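Visitor: I'm new here and I'd like to know how the labels get decided. Could you walk me through it?

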Amino acid sequence: MHRGGGLLVVISGPAGSGKSTLIDALIRAHPDRVRRAVTATTRPPRPGEVDGRDYHFLAREKFAELLAGGYFIEYNRFSGNYYGTPRRALVDDLGRGGVVVLVIDVHGAEAVRGFFPEAPRIFVVPPTPGELRRRLEKRGTEDRDEMERRIAIAEGEMLRIREYNFIVVNRHLPAALRDLEAVIHVARRSLPLGREAEEWRGGRFSEWEDGGFV
Ligand code: 5GP
């Protein structure tokens, strides 16, 4: 969806789908064209996560205060913590053009669909349920209870795969990255999603008409 030129791309995927690694790779490959919309959470940072880059890490009280003030376009409680998409920052991000990737859970994606119905929704899946569990274990950032909670949520999220326009199977990172790039490439050219397509529909086609093209 274009607001001020940027294409909003909504990406979901269960914990263990490898979506964060995939999106980091996408941004590294296209640093001047692709940005991530930074959302807010009350969950504590994992090792290596940076405030303002990975999330805006907020205390629960602060989150509640911002929520009451209409700061979030949507929010959800996920495994005991709150997550929300800042409205203003998202609109500003889109105003800067390029591709803005919003990584949110299935509830968030549904809510955002109400505001940006044309934004392509991409679901990233691990190749097998076993691989999902293996990745979570390997990451080792959650204790066993939290991991089991996340696996249970993941199973529920997988059931909502049909709400998405595109599926990217994340078996090997380079291939998944190519798939994701291809999806964005297509989205930019499809109606009514893509800017290039919109330019033609909105005016550039008249150059041909004026020039006698029939
Ligand atoms: P994690 O704790 O693994 O970083 O995130 C848990 C889940 O919350 C992931 O599915 C992530 O995509 C999602 N999430 C992150 N930010 C938001 C947000 O602003 N809103 C919603 N609804 N989900 C979010």
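Guide: Happy to. Let's start at the ligand: an oxygen atom of the ligand has a polar side-chain atom of Thr85 3.1 Å away. Keep in mind that this is a predicted model.

Visitor: What makes that pair with Thr85 a polar contact?

Guide: The cut-off is 3.5 Å between N or O atoms. The Thr85 pair sits at 3.1 Å, so it qualifies as a polar contact. Arg43 also has a polar side-chain atom, 2.6 Å from an oxygen atom of the ligand. For Glu74, a polar side-chain atom lies 2.6 Å from a nitrogen atom of the ligand. As for cover, the ligand taken alone exposes 510 Å², and the protein buries 95% of that.

Visitor: How many residues surround the ligand, and which are the closest?

Guide: There are 16 around the ligand, and the closest are Arg43, Tyr55, Glu74, Tyr83 and Arg150. By type, the shell divides into five nonpolar, five polar and six charged residues. Strand E6 (72-78) and strand E7 (81-86) each supply at least two residues of that shell. The space the ligand takes is the largest pocket.

Visitor: Where is Ser79, and what is its phi?

Guide: Ser79 is in the loop between E6 and E7. Its phi is positive, about 45°, although Ser79 is not a glycine.

Visitor: Why point that out?

Guide: Because most residues other than glycine have a negative phi.

Visitor: Why is Ser79 called buried?

Guide: Buried means under 20% relative accessible area. Ser79 has 15%, so it counts as buried.

Visitor: Is Thr42 buried or exposed, and how do you know?

Guide: Thr42 has a relative accessible area of 13%, and with the limit at 20% that makes it buried. Its place is the loop between strand E4 (40-41) and strand E5 (56-57).

Visitor: What does the side chain of Thr42 make a polar contact with?

Guide: The side chain of Asn81, at 3.4 Å. That value is within 3.5 Å, so the distance fits the definition. A polar atom of the Thr42 side chain also lies 2.9 Å from the backbone nitrogen of Tyr82.

Visitor: What makes Glu110 partly exposed?

Guide: Partly exposed covers what falls between the buried limit of 20% and the exposed limit of 50%. Glu110 has 46%, so partly exposed is the right label. Glu110 belongs to helix H4 (residues 106-115). Glu110 and Glu74 are 36 residues apart in sequence, and their C-alpha atoms are 9.5 Å apart in space.

Visitor: Why is Gly70 called partly exposed?

Guide: Its relative accessible area is 36%, which is neither under 20% nor over 50%, so Gly70 is partly exposed. You'll find Gly70 in the loop between helix H2 (60-68) and E6. From Gly70 to Arg87 there are 17 residues in sequence and 8.3 Å in space, C-alpha to C-alpha.

Visitor: And how do you know which label Val10 gets?

Guide: Val10 has a relative accessible area of 1%, which is under 20%, so Val10 is buried. Val10 lies in strand E2 (residues 6-12).

Visitor: How many residues apart in sequence are Val10 and Ala109, and how many Å apart in space?

Guide: They are 99 residues apart in sequence, and 6.7 Å apart in space, C-alpha to C-alpha.

Terms used. Residues are numbered from 1 along each chain as its sequence is written. This is a predicted model: local features need pLDDT of at least 70, side-chain atom pairs count only at pLDDT 80 or more; totals for chains, interfaces and linings use all residues. Side-chain values use heavy atoms; hydrogens and water are left out. A residue is near a molecule or strand if one of its heavy atoms lies within 4 Å of it. A polar contact is a pair of N or O atoms within 3.5 Å; within protein, one must be able to donate a hydrogen and the other to accept it, and residues adjacent in sequence count only if both atoms are side-chain atoms. Accessible areas come from the Shrake-Rupley method with a 1.4 Å probe; for residues, only the protein chains shown count as cover. On a 1 Å grid over the protein atoms alone, a cavity is a set of points where a 1.4 Å probe fits but cannot get out, and a pocket is an open set with protein on both sides within 12 Å along at least five of seven lines; lining residues have an atom within 4 Å of a point. A molecule sits in a cavity or pocket if more than half of its atoms lie within 2 Å of its grid points. Helices (H or I, at least four residues) and strands (E, at least two) are DSSP runs, numbered from the N terminus. Ala, Val, Leu, Ile, Met, Phe, Trp, Tyr, Cys and Pro count as nonpolar, Asp, Glu, Lys and Arg as charged, and the others, Gly among them, as polar. Buried means under 20% relative accessible area, exposed over 50%, partly exposed in between (1.4 Å probe, protein chains only).
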